[in-house]
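Hi everyone, thanks for making time for this. Could you bring the model up on your screens, so that we can walk through it together?

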Amino acid sequence: MFTLTRDDGHQLSTDPARLDLDLVHHWLSTDAYWALGRDRETVGRAFAGSLPYGVYRPGDGRQVAVARVVTDGATFCWLCDVYVDRAVRGVGLGTWLAGAVRDHLATLGVRRIVLATSDAHGVYAKIGFAPVEPDRFMEYDGRGQS
């Protein structure tokens with residue numbers, strides 16, 4: 001388990017037992033453009049097969065942010081499902097969370113992290129993320145298949 005505490009007392013943890021998956025499901029399925037309508041079972045399976053990062057408020061320990069990493073734990077990862085509760089946005093938790101994930105993965109030897117965003121480029125650019133070269137990465141998107 002990895003934990004890290006921010007100067008203001010917010011705590012990051014990779015302990016899957018601390019995740020409030022009902023809350024995470026609510027955030028993702030109702031307010032995250034990339035996961036609207038995602039069912040609770042899918043959220044549970046996705047987090048069970050990934051390295052979870054939860055951020056918890058000082059005092060009562062309520063979860064206020066989440067991120068999920070799909071990784072081999074050695075060379076590569078996909079950072080996804082990064083979400084900060086609307087009630088606590090604007091105080092740098094998203095940037096802190098993404099930076100903590102990047103730094104934690106570096107201790108494991110992971111040097112390549114990819115992510116996709118439509119609206120948070122500035123958050124990730126602050127901590128060293130840059131657009132990928134066109135025509136280098138390819139994708140198979142089977143979401144429209146039945």
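Let me start with a definition: a charge sits over a ring if NZ of Lys or CZ of Arg is within 6 Å of the ring centre and within 35 degrees of the ring normal. With that in hand, please find Arg68, whose charged end sits over the ring of Phe47, 5.7 Å from the ring centre. Before we go on, please keep in mind that this is a predicted model.

Let's stay with Arg68 for a moment. Its side chain also meets that of Asp81 in a salt bridge, at 2.8 Å from N to O. This pair links distant parts of the chain, with Arg68 in strand S4 and Asp81 in strand S5, 13 residues apart. Are these two partners buried or exposed? Arg68 has a relative accessible area of 11%, so it is buried. Asp81 is at 3% relative accessibility, and therefore counts as buried as well.

There is another arginine over a ring to look at. Arg18 lies over the face of Tyr56, 4.0 Å from the ring centre.

Now, back to salt bridges. How many does a search of the whole structure find? The count is 12. One of them joins the side chains of Arg102 and Asp103, again with 2.8 Å from N to O. Arg102, at 28% relative accessibility, counts as partly exposed, and Asp103 is partly exposed too, with a relative accessible area of 41%. Arg143 and Asp141 form a salt bridge as well, and there the closest N and O atoms are 2.5 Å apart. Arg143 is exposed, its relative accessible area being 69%, while Asp141, at 34%, counts as partly exposed. Finally, Asp31, Arg86 and Arg89 are linked in a network of salt bridges.

Next, the aromatic rings. The structure holds three aromatic pairs. In one of them, Tyr33 and Trp34 meet edge-to-face, with 5.1 Å centre to centre and 85° between the planes. Tyr33 counts as partly exposed at 40% relative accessibility, and Trp34 is partly exposed with a relative accessible area of 32%. Tyr124 and Phe129 also make an edge-to-face pair, at 5.8 Å centre to centre and 70° between the planes. Here Tyr124 and Phe129 are both buried.

Let's turn to helix H1, which covers residues 21-31. Which of its residues are buried? They are Leu23, Val24, His25, Trp27, Leu28 and Ser29. And what covers them? The cover includes helix H2 (40-48), strand S4 (63-71) and strand S5.

Strand S5, residues 76-84, brings us to the surface through Phe76. Phe76 has a relative accessible area of 33%, so it is partly exposed. Together with Val70 and Trp78, Phe76 forms a nonpolar patch on the surface, and the three share about 250 Å² of accessible area.

One last stop: Arg136, in the segment after helix H4 (121-125). Arg136 is at 48% relative accessibility, which means that it counts as partly exposed. Its C-alpha atom is separated by 24 Å from that of Ala98, which is 38 residues away along the chain.

If you take one residue home, let it be Arg68, with its charged end over the ring of Phe47 and its salt bridge to Asp81. Thanks for listening!

Terms used: Residues are numbered from 1 along each chain as its sequence is written. This is a predicted model: local features need pLDDT of at least 70, side-chain atom pairs count only at pLDDT 80 or more; totals for chains, interfaces and linings use all residues. Side-chain values use heavy atoms; hydrogens and water are left out. Patches are made of residues with over 30% relative accessible area and no salt bridge: like charges are joined within 9 Å, nonpolar side chains (Val, Leu, Ile, Met, Phe, Trp, Tyr) within 5 Å. Accessible areas come from the Shrake-Rupley method with a 1.4 Å probe; for residues, only the protein chains shown count as cover. A salt bridge is a side-chain nitrogen of Lys or Arg within 4 Å of a carboxyl oxygen of Asp or Glu. Helices (H or I, at least four residues) and strands (E, at least two) are DSSP runs, numbered from the N terminus. Buried means under 20% relative accessible area, exposed over 50%, partly exposed in between (1.4 Å probe, protein chains only). Rings of Phe, Tyr and Trp (its six-membered ring) pair if their centres lie within 6.5 Å; planes under 30 degrees apart count as stacked, over 60 as edge-to-face and the rest as tilted. Contact means heavy atoms within 4.5 Å.
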